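Me: I would like to learn how to read a protein model from its overall dimensions down to single residues. Could you take me through one, giving the general idea before each case?

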Amino acid sequence: MRNDPSYPPLHKNTILIWSKILAVPISIDRRVWTMAMDSIFARPAEQVAYRLAQLADPDLSLPRPRPHEAAGLASGYSGCALALLYAGQVLNAPDLTESARALLKQAADTTVVHAIHQPGLHNGLCGFTAVLAEFAGQEPRYLPTLRRLADQLGTKLLETTRSRPGDGLPFTAYDLISGAAGQLATTVRLLTMMDSPPESMSNAAEHLADYLMQITDIDEHGRPGWLITPDRYPIGFSWYGERSPHGMYNLGLAHGLPGILAALCTAARAGIGGTPVAERVRELALWLSEHTCETATGPAWPTAFNARPGDRTLEYDPHSRPARTAWCYGAPGVTAALFSAAAVADLPQVTEVATAALRNVRHTNSHDRNVFSVTLCHGRAGIAASAHRAYRMTGIEEFSRMRDEELEVAISHADPTRPFIFADEPQHGEYIDDPGFLTGAAGVLLSLLSPLDPKRTAWDALLFL
């Protein structure tokens, strides 16, 4: 078993040499170039995979998920299991697949002591069920468990008490991470993946689509329902109050309107909600593509638009400061939602805006990007995943090159002395050894696998809905 601790570590100097070689413009056959790129990404992917596989041995002392997050997608064993499932397929490594099964079992076992109470995609039952569905798609023996869990999930989603739009609500009510957007996308995905899905899932999907339609309605005062008032700002997000003292309209894929748009796209494609949902996708896509902040090199989006004092209507400022260029906030995440919406609603003008914005990311200098981590949420792997998705949807070769450029930089940060080779860096110089999907090594691994097998990337539905 190569997941033994004695397996040779990734050599950082070798990676740096590879990166420098690839930076030199040379003329070689396309097939040779592809082989060279594969070798660049395959070696670190393999190394990270076998480091993560060691988590399957409960006796090894490693940084592990916190007990109350251990079953979740974002930071738990199920996210690591998902990464190893794909690594086993792409790298043709059955032992990694076996480790993936073991980690999925660990995730399930933790729920005996720490039950999953939240229904969210990245922190709750939706995420665990979505990962189980990925395993069931490969191995039918998981199907009976998936059917039982899907029925439980549908029932839970229908019974969940939801904050109604009006005078402001928390983003956790509707966002991709914890709220209705991630939940809707999960139910739609399960409905399309399962034969004879439980009725509770179909009812939950209709219910969630209707809720997001309410969230995106405009009230009699001219306020969109996704208004977040200061009393609803999350604890620890002091910068919310500093930037938006009277309220905000969040524009991040993780917590704002783009996540809602992406979720409604999944519903529209599945025919859920009928014409009203399809028309709302069109309206939101056009609005988001028209409400940008222009930079010297192209369109971008701020973290949020402020609410005006008094009536708290949305204050559009085309001169707003662009957000960081990441999956969670900024153009990489926003453009993913716009590409989906453009395809669903046949909006070539929206595709043009999204293309220009993602190209703008590629040409933005590192200081203005404000991205220094390597992870999916706020780092290079997330930008690479966004570029790869754009490449698959548009066929624009520039985006495949952008993906590879971001991954090369990520690889240059590999550190074989750390448990999982890649560590999260939430603040400059602050490193956290996280094995997880959203802010850890499992997410980096999945991004590294994308250029090795570009068609085997269904996992990114959990990132972009």
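Reply: What follows goes from the whole chain to its core and then to a few individual residues. Please keep in mind throughout that this is a predicted model.

Me: Where should I begin, and how many helices and strands are there in the protein?

Reply: A count of secondary-structure elements is a useful start, and here the protein has 18 helices together with seven strands. Along the principal axes, its C-alpha atoms occupy a box of roughly 65 × 50 × 40 Å.

Me: What does the radius of gyration say about the protein?

Reply: The idea is to set the value beside the one expected for a compact globule with the chain's number of residues. For 465 residues that expectation is near 23 Å, and because the protein has 21 Å, the two agree. The contacts can be read alongside this: among those with a separation of 6 or more, 69% join residues 24 or more positions apart.

Me: How should I read the surface and the charges?

Reply: The accessible surface amounts to about 18800 Å², with 51% of it belonging to carbon and sulfur atoms, while 58% of the 465 residues count as buried. As for charge, there are 39 positive and 49 negative side chains, and the centres of these two sets are 4 Å apart.

Me: Which residues touch the most other members of the largest nonpolar core?

Reply: In soluble globular proteins, nonpolar side chains tend to be buried together. In this structure the largest nonpolar core holds 153 residues, and those touching the most other members are L52, L184, L212, L261, W327, F437 and L445. Helix α3, residues 77-90, gives the most to this core, contributing ten residues. To see one of these residues in its surroundings, take F437, whose contacts beyond four places in sequence include L73, A74, H122, L376, W459 and L463.

Me: Is A205 buried or exposed, and which residues does it touch?

Reply: Relative accessibility is the quantity to consult, with under 20% counting as buried. A205, which lies in helix α8 (residues 199-215), has 0% and therefore counts as buried. Leaving out residues up to four places away in sequence, A205 touches L184, T187, L191 and I272. Its C-alpha atom is 9.9 Å from that of R189, a residue 16 positions away in sequence.

Me: How do W239 and I432 read by the relative accessibility of each?

Reply: W239, in helix α9 (residues 238-243), has a relative accessible area of 27% and so is partly exposed; beyond four places in sequence, W239 touches T303 and Y329. I432, in strand β7 (residues 430-432), is at 38% and therefore also counts as partly exposed. With neighbours within four places set aside, I432 is in contact with A423, D424 and P426. Sequence separation and spatial separation can be read together for I432 and V344, which are 88 residues apart along the chain and have C-alpha atoms separated by 39 Å.

Me: Which residue in the loop between α16 and β6 should I look at for its phi?

Reply: Most residues other than glycine have a negative phi, and most peptide bonds are trans. I421 has a positive phi near 70° without being a glycine, and it sits in the loop between α16 (397-412) and β6 (424-427). At 0% relative accessibility, I421 counts as buried.

Me: What is the phi of L465, and where is L465 found?

Reply: L465 has a positive phi of about 65° although it is not a glycine, and it belongs to the segment after α18 (461-464). Its relative accessibility is 6%, so L465 counts as buried.

Definitions and conventions. Residues numbered from 1 in each chain as written. Predicted model: local features only at pLDDT ≥ 70, side-chain atom pairs only at ≥ 80, totals over all residues. Heavy atoms only, no water. Helix = DSSP H or I, 4+ residues; strand = E, 2+ residues; numbered from the N terminus. Rg over C-alpha atoms; globule rule 2.2 N^0.38 Å. Buried < 20%, exposed > 50% of the residue type's maximum accessible area, 1.4 Å probe, protein only. Contact = heavy atoms within 4.5 Å. Areas by Shrake-Rupley, 256 points an atom, 1.4 Å probe, with all protein chains shown as cover. Lys, Arg positive; Asp, Glu negative; His and termini not counted. Charge placed at Lys NZ, Arg CZ, Asp CG, Glu CD. Core = buried A, V, L, I, M, F, W, Y, C linked by side-chain atoms within 4.5 Å.
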